[in-house]
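Biologist: Before we discuss this entry, may we look at the sequence and the coordinates together? I should then like to put some questions about the core and the ligand site.

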Amino acid sequence: MGALETPLCGLLGIRHAILLAGMAGGPNTPELVGAVSRAGGLGVLGVSGTTADATAEATRAAVRLAGGAPVGVNLQLAGATDATTTRERMLKVLAPFREELGLPPDPPPPPAPDPPLVLLEAALDAGARVVTTWHDPAPVLPVAGAAGVPVLAMTTSVAGALAARAAGADAVIAQGSESGGHRSRFGPGAATASETGTLALVPQVVDALGHGVPVVASGGIADGRGIAAALLVGAQGVSLGTLFLAATESGVTDTYRRALRETLPQDTVVTDAVTGRPARWIRNRIVDALVTANAGTLGWGAQGALMADLRREATRQGRADLMTMLAGQAAAIGAEPRPADRIVRDLVEGTGAALAAARG
Ligand SMILES: Cc1cc2nc3c(=O)[nH]c(=O)nc-3n(C[C@H](O)[C@H](O)[C@H](O)COP(=O)(O)O)c2cc1C
């Protein structure tokens with residue numbers, strides 16, 4: 001039995017305990033999700049920010065491409081937060097960048113996405129067989145439970161893991177501070193909690209939950225060495241985001257791919273300045289300007305909406321200095337383009353090799 005055939009594989013119906021982290025906003029195309037599942041891992045669609053129709057279509061495509069293997073869906077469940085600045089102040093900070101990109105000073109409101117439970121119903125109807133969550137999973141547990149679909153709740157803390165398990169989550173994804181993307185902070189003390197690295201967080205979550213509950217490690221893992229380390233501290237699987245951005249099937253642009261290859265650990269920063277909730281971004285001109293301005297935000301939801309057309313236009317123009325790009329601290333590891341099935345195979349083989357080397 002391979003090191004990545006853990007009890008988590010039985011829960012999810014997969015061959016290798018490797019998850020493609022749910023990444024909303026474009027990276028996780030149906031082709032990427034389907035390829036990871038087909039290769040024996042779990043492909044997970046990130047559907048937040050879209051509509052029920054788009055979710056159904058993407059899920060059906062991913063399920064078809066997975067060739068009978070299960071496909072998961074990821075939902076963002078954090079509520080809106082209050083503004084700590086005014087729209088005028090924020091527009092003033094963004095004005096030079098908007099002008100540089102040829103955008104009007106005041107952006108039009110983007111179309112409203114459908115609420116998470118509507119997206120969940122659409123994904124389940126279209127064949128999603130696993131749910132992963134960002135933030136408190138409580139709202140989705142009854143729906144997923146009624147459909148007989150396991151829920152994996154992502155959390156940055158022991159308190160969050162205990163809360164998710166008490167609410168009925170089947171497994172926990174322990175998200176360390178190295179992670180790219182937004183932090184899944186919820187549960188007692190979450191608002192003021194400091195960040196915890198993956199190797200410190202995973203064993204403490206495993207100990208707190210007891211050994212029967214699967215724990216998946218997430219954050220800064222990008223090759224077999226990282227997976228071996230996660231397994232040795234008690235994880236039953238891993239969830240990788242940044243590494244899969246480099247897959248040939250991912251939806252990111254060549255500019256983003258190049259930036260990932262060039263991103264050293266110190267080139268990323270965790271800040272709430274871009275979207276109103278803390279996330280790890282590649283440092284560039286616009287991210288640094290938002291951090292330095294220290295101008296507050298319009299809060300989760302409104303801040304992202306204000307940034308939407310700037311983000312899209314900077315991406316369209318291939319402006320690495322003005323695109324807002326999420327990435328983890330291990331971005332440069334394995335960042336050369338490879339097909340997703342090859343990535344999964346390399347991870348499985350690399351894990352075996354790393355564990356063999358550790359045994360001497
Ligand atoms: C581009 C990007 C988008 C992300 N979007 C989501 C998301 O929509 N939902 C979610 O639960 N996590 C999201 N995450 C966080 C991942 O679930 C995961 O915790 C993280 O990628 C793990 O760290 P790594 O990037 O070092 O592998 C995102 C991460 C990245 C890099």
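Biologist: Which residues does Ile286 touch, not counting residues up to four places away in sequence?

Modeller: This is a predicted model. Ile286 is among the residues with the most contacts inside the largest nonpolar core, which has 111 residues. With residues up to four places away in sequence left out, Ile286 touches Leu94, Phe97, Met307, Leu310, Asp321, Leu322, Met323 and Thr324.

Biologist: Which helix gives the most to this core?

Modeller: The core in question is the largest nonpolar one, where Val131, Leu152, Phe244 and Leu290 are also among the residues with the most contacts. The greatest contribution, 6 residues, comes from residues 340-359, that is, from helix H14.

Biologist: Which strands and helices are included in what covers the buried residues of H9?

Modeller: Helix H9 spans residues 224-232, and its buried residues are Gly224, Gly226, Ile227, Ala228, Ala230 and Leu231. Their cover includes strands E1 (18-20), E8 (215-218) and E9 (237-240), together with helices H8 (198-209) and H14.

Biologist: How much of the accessible area that the ligand has on its own does the protein cover?

Modeller: Polar contacts with the ligand include one of 2.9 Å between a ligand oxygen atom and an N or O atom in the side chain of Gln76. Another ligand oxygen contact, at 3.2 Å, involves a polar side-chain atom of Ser218, while a polar backbone atom of Gly22 is 3.3 Å from a ligand nitrogen atom. Of the 590 Å² that the ligand has on its own, the protein covers 96%.

Biologist: How many residues of the shell around the ligand are polar?

Modeller: The ligand has 21 residues around it. The shell has no charged residues and 8 nonpolar ones, and its polar residues number 13.

Terms used: Residues are numbered from 1 along each chain as its sequence is written. This is a predicted model: local features need pLDDT of at least 70, side-chain atom pairs count only at pLDDT 80 or more; totals for chains, interfaces and linings use all residues. Side-chain values use heavy atoms; hydrogens and water are left out. A residue is near a molecule or strand if one of its heavy atoms lies within 4 Å of it. A polar contact is a pair of N or O atoms within 3.5 Å; within protein, one must be able to donate a hydrogen and the other to accept it, and residues adjacent in sequence count only if both atoms are side-chain atoms. Accessible areas come from the Shrake-Rupley method with a 1.4 Å probe; for residues, only the protein chains shown count as cover. Ala, Val, Leu, Ile, Met, Phe, Trp, Tyr, Cys and Pro count as nonpolar, Asp, Glu, Lys and Arg as charged, and the others, Gly among them, as polar. A nonpolar core is a set of buried Ala, Val, Leu, Ile, Met, Phe, Trp, Tyr and Cys residues joined through side-chain atoms within 4.5 Å. Buried means under 20% relative accessible area, exposed over 50%, partly exposed in between (1.4 Å probe, protein chains only). Helices (H or I, at least four residues) and strands (E, at least two) are DSSP runs, numbered from the N terminus. Contact means heavy atoms within 4.5 Å.
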